[in-house]
Amino acid sequence: PVFAFGGSYGGMLATWMRLKYANVVDGAVAGSAPIWSFVGEDPPVDPGAFADGVTMDATAAGGSAPACAPNVRAAARMGLQW
């Protein structure tokens, strides 16, 4: 058996290789690959899904200090001013 592996962009390549060469590649493992990030997909793409997940990590519900998310937002605003 032949399997393709990749993470992020490499995961996309592994997936595309499996699709294009299905007669050769028996499976693909695509870790952290944005396979649902294409316009016209069904269900539709949610462009804010990644940002929502990352923001959740910085909240008290995600295990962070209560001021974490507001502090990150403030730091990002300061960075945009540079």
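A strand here is a DSSP run of E residues, at least two long, numbered from the N terminus. Keep that in mind for the exercises below. The model is predicted.

**Exercise 1. Place Gly31 in the fold and list its contacts.**

Step 1. Find the element. Gly31 lies in strand 2. That strand covers residues 27-31.

Step 2. Judge the exposure. Partly exposed means between 20% and 50% relative accessible area. Gly31 has 31%, so Gly31 counts as partly exposed.

Step 3. List the contacts. Leave out residues up to four places away in sequence; Gly31 then touches Gly6, Gly7 and Ser8.

Step 4. Add a distance. Gly31 and Gly10 are 21 residues apart along the chain, and their C-alpha atoms are 8.5 Å apart.

**Exercise 2. Write down the order of helices and strands.**

Step 1. Count the elements. The protein has three helices and two strands.

Step 2. Read along the sequence. The pattern is β-α-β-α-α.

Step 3. Attach residue numbers. Strand 1 spans residues 3-7. Helix 1 spans residues 9-20. Strand 2 takes 27-31. Helix 2 runs over residues 49-57. Helix 3 covers 68-81.

**Exercise 3. Which residues other than glycine have a positive phi near 60°? Examine Ser8 and Ser32.**

Step 1. Take Ser8. Its phi is positive, about 60°, and Ser8 is not a glycine. Ser8 sits in the loop between strand 1 and helix 1.

Step 2. Take Ser32. Its phi is also positive, near 60°, and again the residue is not glycine. Ser32 belongs to the loop between strand 2 and helix 2.

Step 3. Check the exposure of each. Ser8 has 41% relative accessibility, so Ser8 is partly exposed. Ser32 has a relative accessible area of 69%, so Ser32 is exposed.

**Exercise 4. Sort Lys20, Tyr9 and Pro66: is each one buried or exposed?**

Step 1. Recall the cut-offs. Buried is under 20% relative accessible area, and exposed is over 50%.

Step 2. Apply them to helix 1. Lys20 lies in this helix. Its relative accessible area is 62%, so Lys20 is exposed. Tyr9 lies in helix 1 too. Tyr9 has 55%, so Tyr9 is exposed.

Step 3. Turn to Pro66. This residue is in the loop between helix 2 and helix 3. Its value is 70%, so Pro66 is exposed.

Step 4. Look at the whole chain. Of the 82 residues, 11% are buried.

**Exercise 5. Compare separation along the chain with distance in space.**

Step 1. Start with Lys20 and Gly53. They are 33 residues apart along the chain, and their C-alpha atoms are separated by 31 Å.

Step 2. Go on to Tyr9 and Val72. Here the sequence gap is 63 residues, and the C-alpha distance is 27 Å.

Step 3. Finish with Pro66 and Gly40. The gap is 26 residues, and the C-alpha atoms are 38 Å apart.

Step 4. Turn to contacts. Take those between residues at least 6 apart in sequence; 27% of them join residues at least 24 apart.

**Exercise 6. Describe the overall size, surface and charge of the protein.**

Step 1. Get the radius of gyration. The protein has 18 Å, but a compact globule of 82 residues would have a value near 12 Å.

Step 2. Get the box. Along the principal axes, the C-alpha atoms fill roughly 50 × 30 × 25 Å.

Step 3. Get the surface. The accessible surface is about 6,400 Å², and 65% of it belongs to carbon and sulfur atoms.

Step 4. Get the charges. There are 4 positive and 6 negative charges, and their mean positions lie 7 Å apart.

**Exercise 7. Where is the confidence lowest, and where is it highest?**

Step 1. Begin with the average. The mean pLDDT is 86, and 96% of residues reach 70 or more.

Step 2. Find the low end. Confidence is lowest in helix 2, at a mean of 81.

Step 3. Find the high end. Strand 1 has the highest confidence, at 94.

Step 4. Draw the lesson. Where pLDDT is low, predicted coordinates should not be read in detail.

Terms used: Residues numbered from 1 in each chain as written. Predicted model: local features only at pLDDT ≥ 70, side-chain atom pairs only at ≥ 80, totals over all residues. Heavy atoms only, no water. pLDDT = per-residue confidence, 0-100. Helix = DSSP H or I, 4+ residues; strand = E, 2+ residues; numbered from the N terminus. Rg over C-alpha atoms; globule rule 2.2 N^0.38 Å. Buried < 20%, exposed > 50% of the residue type's maximum accessible area, 1.4 Å probe, protein only. Contact = heavy atoms within 4.5 Å. Areas by Shrake-Rupley, 256 points an atom, 1.4 Å probe, with all protein chains shown as cover. Lys, Arg positive; Asp, Glu negative; His and termini not counted. Charge placed at Lys NZ, Arg CZ, Asp CG, Glu CD.
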